[in-house]
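These are my notebook entries from one sitting with a single model, written down in the order in which I looked things up.

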Amino acid sequence: AEHGCRLSDRCGHCGGVIDWSRPAVDVCRCGHYLIAPEAGESVPEGVGVWCRWLQHQCAEPFSNQQVLSGEFRWLSSAGPDAAFHILMAFGVKRDPSHHRSGSDTARTPGCEETMASLDRALARLVSVDHADAPLPLEIVRVIDEPRLERLAHFGVTEAGRRIARQLLRRIRDRSRLAPVRPTRRVGMAFKGQLDLFADGEAHAS
């Protein structure tokens, strides 16, 4: 947050993930020295806002000062853990067609992926305020709803669980207001139970 530099979680030589089981602090398992990311790769502006807020929360956890200002002020009361999960719920999906599998959910994302998700989330949250109105439909379509449901049930703080429940209610209010598109069946028409019995009686006779 202080220097606005990207952190690296992969070796610049072999591309492998940097983990604890390596020969030395500055040596990768492949044997090469770990090098700093190239200069000029600054973090996105939205991610910088999040990092400064998180840094303040860690330094003064019981402070009432709200570093997140403007459209994001309502998120400050959630606390660091809940705020992170809310941001990831809003930003982890790239677009409405992005399907997240079970392996995606279990996998820990890398630095670049996390930064991209945070940047998308903060851009989308501009259109979300603390009011109790239904969320915009274009936002509802890209929210990771299961993540919010887990936060609503198992969040660390009551404030975080409450905000997750409010967001879920606003998502479902919007879903009820969304127009229903008629579905068109392709191929053989589906027969109900009565039709099947009628066909059976015809063959028997």
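Before going to any residue I fixed my term: I call a residue buried when its relative accessible area is under 20% and exposed when it is over 50%, with partly exposed in between. I also noted that the model is a predicted one.

Entry, cysteines. I looked for disulfides and found 0 in the structure. Cys 11 is accordingly in none, and the nearest cysteine sulfur to its own is that of Cys 28, at 3.8 Å. I asked why Cys 28 has no bond to Cys 30 either. The sulfur of Cys 28 lies 3.7 Å from that of Cys 30, its closest cysteine sulfur, and this is too far for a bond, because a disulfide calls for two cysteine sulfur atoms within 2.5 Å. I then checked accessibility at these sites: Cys 11 has a relative accessible area of 4% and so counts as buried, and Cys 28, with 6%, is buried as well.

Entry, overall make-up. I counted 8 helices and 0 strands in the protein, so that the order of elements from the N terminus reads α-α-α-α-α-α-α-α. Of its 205 residues, 29% count as buried. The exposed surface comes to about 13,800 Å², of which carbon and sulfur atoms supply 55%. Taking contacts with a separation of 6 or more, I noted that 63% of them join residues 24 or more positions apart.

Entry, the nonpolar core. Which residues touch the most other members of the largest nonpolar core? They are Ile 86, Leu 87, Phe 90 and Leu 148, in a core of 32 residues. Two or more residues come from each of helix 1, helix 2, helix 4 (111-124), helix 5 (137-140), helix 6 (145-154) and helix 7, and helix 2 gives the most, with 7 residues. As background, I recalled that nonpolar side chains tend to be buried together in soluble globular proteins.

Entry, helix 2. This helix covers residues 80-91, and its 12 residues reach 16 Å from the first C-alpha to the last, close to the 16 Å expected at 1.5 Å a residue. Its buried residues are Ala 82, Ala 83, Ile 86, Leu 87, Met 88, Ala 89, Phe 90 and Gly 91. I followed Ile 86 outward and, not counting residues up to four places away in sequence, found that it touches Leu 75, Ala 78, Leu 148, Leu 151, Ile 163 and Leu 167.

Entry, Asp 144. This residue sits in the loop between helix 5 and helix 6, and its relative accessible area of 9% makes it buried. With neighbours within four places in sequence left aside, Asp 144 is in contact with Ala 89, Val 92, Lys 93 and Arg 100.

Entry, Arg 170. Is Arg 170 buried or exposed? It is buried, at a relative accessible area of 6%, and it belongs to helix 7 (residues 158-177). Its side chain reaches the backbone oxygen of Ala 133 at 2.6 Å.

Entry, Gly 46. I placed Gly 46 in helix 1 (residues 45-59) and read a relative accessible area of 15%, so it is buried. Beyond its neighbours within four places in sequence, Gly 46 is in contact with Asp 119 and Leu 122. I also took down the separation of its C-alpha from that of Met 115, which is 9.0 Å although the two residues are 69 apart along the chain.

Technical notes: Residues are numbered from 1 along each chain as its sequence is written. This is a predicted model: local features need pLDDT of at least 70, side-chain atom pairs count only at pLDDT 80 or more; totals for chains, interfaces and linings use all residues. Side-chain values use heavy atoms; hydrogens and water are left out. Helices (H or I, at least four residues) and strands (E, at least two) are DSSP runs, numbered from the N terminus. The expected span of a helix is 1.5 Å times one less than its number of residues. Buried means under 20% relative accessible area, exposed over 50%, partly exposed in between (1.4 Å probe, protein chains only). Contact means heavy atoms within 4.5 Å. Accessible areas come from the Shrake-Rupley method with a 1.4 Å probe; for residues, only the protein chains shown count as cover. A polar contact is a pair of N or O atoms within 3.5 Å; within protein, one must be able to donate a hydrogen and the other to accept it, and residues adjacent in sequence count only if both atoms are side-chain atoms. A nonpolar core is a set of buried Ala, Val, Leu, Ile, Met, Phe, Trp, Tyr and Cys residues joined through side-chain atoms within 4.5 Å.
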